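Subject: Structure for you to look at

Hello,

Here is the structure I said I would pass on. Please open it next to this message and follow along as you read.

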Amino acid sequence: MTASPLLAPADPLLAAAAVARGAEPPFVLYERDARWVLAAGARARLRMDGTGVTWSTPAREQRLPLSADPLGQVAELLAGSGLPSWRAYGWAAFELARLLHLGRADGPLLDLVIPSYELVIGPDGLHEHGTAPAGLRPVADLPWADPVADLVDPEAPDETYLAAVVETVRDIRAGGPDKVILSRVVAVPTEIDFAATYVAGRRGNTPARSFLLDLGDLRATGFSPETVVEVDAAGGVSTRPLAGTRALVGDPVRDLATRRELLADPKEIFEHAISVKLAQDELAGVCAPDSVRVEEFMTVRERGSVQHLASRVRGELAAGRTAWDAFAALFPSITASGIPKVAAVEAIAKHEPRRGLYSGAVLTVDSDGALDAALVLRTVFSAGGQTWLRAGAGVIALSTPEREWTETCEKLRSISRFLVPVEPKGAVR
């Protein structure tokens, strides 16, 4: 990599958002450990849907039927790209779970791009790799507009959601899944300035990962509270389930009281404990014997407008296993689907329209075997002329509709407070 003359990194967040604002799709901006990477252009692109995989390069495009091992097929195509080293960026839809666990799924499932250009922005400056797409320029000379806090109302009544919780609790008590995460959609009535929303939202959140992406047919920016899976080049693998939620309002006295309430609530403790147990079981299926262990059990992590019970489960990949095996075992996240996972995915389909990127993953995949997948929550989405937010809550036998609805409101505020509308052309600031 070479040092970049584009911007002085006095504020890495602003630098990253400014360059992303000047990028044309496809691009992905991904933050991990106080380091931002803008990946732009496409040396190769892989798109999977329910019937096949499309592999594209500047020279040609080919369409392949799905194999019996779809993620193994993805790994082979990426490895056969002919590039000596690479990193792919992109996203996986929640419905990929149906393909992995049920053998069938509809619509777009996976979209990965090996970029032609990467700009790394961090504490040590800015560094470029590859050839910048024509016209890529930082748009840093414009002021960043302020968010409109009341653009959407997270507390607008949603009787359909309340009814879905009632029915799901009844199904659980009758012998159904132990836990189902049900979500609801909140429409955003105007077009959003995604770069400005990213800046405002990142300043108001403390995410595990953050991202801003535009792949042409989908735009999104979000502040992921947890990772689905992290795999390093040496085969170390971990996941961090967050389950159990209370509001975080910024008043130290009230927040301490709700933290104590969270740590003592039987429903929240049960919901968290069964999530950690399943994460252990899933990792045990792909990790070396006796390597799976729980760390940081049931600590509290602050994520924007909420605080969560959090744990970390680690292991070492077994011989012959890859990062894609770990991803398949852990996807979708327990905390965004339910327990048992397959039954929960089926239960979700009864009550919700297609989720797409929501509760799926934004991920990076490396030629050295590393993989990093962020759970897509606390996100604003735009596709097909529509813009929306989405949030869910974990439903168990002890759940009440009112509490689960309140939890979705608490989570929605992590993004709804930071929406910045696109200003009309010609507007004076």
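The lining of the second largest pocket is made up of 12 nonpolar, 5 polar and 3 charged residues. Please keep in mind that the model is predicted. The space in this second largest pocket comes to about 350 Å³. It is lined by 20 residues, and those closest to its centre are Leu71, Gly72, Thr322, Trp324 and Asp325. Four elements give two or more residues each to this lining: helix 2 (70-79), helix 3 (96-102), helix 8 (323-330) and strand 20 (361-366). Which of them gives the most? That is helix 2, with 6 residues.

Next, the cavities. The structure has 5 of them with a volume of 30 Å³ or more. The largest cavity holds about 170 Å³ of space. Its lining consists of 22 residues, with Leu242, Thr335, Leu377, Gly392 and Lys411 the closest to the centre. At least two lining residues each come from strand 11 (179-187), strand 16 (242-247), strand 23 (386-395) and helix 10 (401-416). Strand 23 is the main supplier here, giving 5 residues, the most of any element. Sorted by type, the lining of the largest cavity has 9 nonpolar, 6 polar and 7 charged residues.

The second largest cavity has about 50 Å³ of space. Its lining includes Glu226, Thr227 and Val228, then Thr239 and Pro241, and also Ala279. Leu330, Ser333, Ile334 and Thr335 line this second largest cavity as well. What types of residue are these? The lining divides into 5 nonpolar, 4 polar and 1 charged. Thr335 is worth finding on your screen: it lines the second largest cavity, and it is also listed among the residues closest to the centre of the largest cavity.

One residue I looked at separately is Pro177. You will find Pro177 in the loop between helix 4 (159-173) and strand 11. Is Pro177 buried or exposed? Its relative accessible area is 12%, and the cut-off for buried is under 20%, so Pro177 counts as buried. Apart from neighbours within four places in sequence, Pro177 is in contact with Ile172, Ile339, Pro340, Ala343 and Ala344. Glu346 is 169 residues away from Pro177 along the chain, yet 9.8 Å separates their C-alpha atoms.

Last, the chain as a whole. It has 10 helices and 23 strands. The radius of gyration is 21 Å, and the globule rule gives 22 Å for 429 residues; the two values are close, so the chain is as compact as a globular protein of that length. Along its principal axes, the C-alpha trace spans about 60 × 55 × 35 Å. How many of the 429 residues count as buried? The share is 56%. Among contacts in the chain with a separation of 6 or more, 71% are between residues 24 or more positions apart. The accessible surface of the chain is about 17200 Å², and carbon and sulfur atoms account for 54% of that area.

If you want an order for viewing, start with helix 2, which gives 6 residues to the lining of the second largest pocket. Then go to strand 23, which gives 5 residues to the lining of the largest cavity, and finish at the loop that holds Pro177.

Best regards

Notes:
Residues are numbered from 1 along each chain as its sequence is written. This is a predicted model: local features need pLDDT of at least 70, side-chain atom pairs count only at pLDDT 80 or more; totals for chains, interfaces and linings use all residues. Side-chain values use heavy atoms; hydrogens and water are left out. On a 1 Å grid over the protein atoms alone, a cavity is a set of points where a 1.4 Å probe fits but cannot get out, and a pocket is an open set with protein on both sides within 12 Å along at least five of seven lines; lining residues have an atom within 4 Å of a point. Grid points are joined across faces, edges and corners, and a volume is the space filled by probe spheres set on the points. Ala, Val, Leu, Ile, Met, Phe, Trp, Tyr, Cys and Pro count as nonpolar, Asp, Glu, Lys and Arg as charged, and the others, Gly among them, as polar. The radius of gyration is taken over C-alpha atoms; the globule rule is 2.2 Å times the number of residues to the power 0.38. Buried means under 20% relative accessible area, exposed over 50%, partly exposed in between (1.4 Å probe, protein chains only). Contact means heavy atoms within 4.5 Å. Accessible areas come from the Shrake-Rupley method with a 1.4 Å probe; for residues, only the protein chains shown count as cover.
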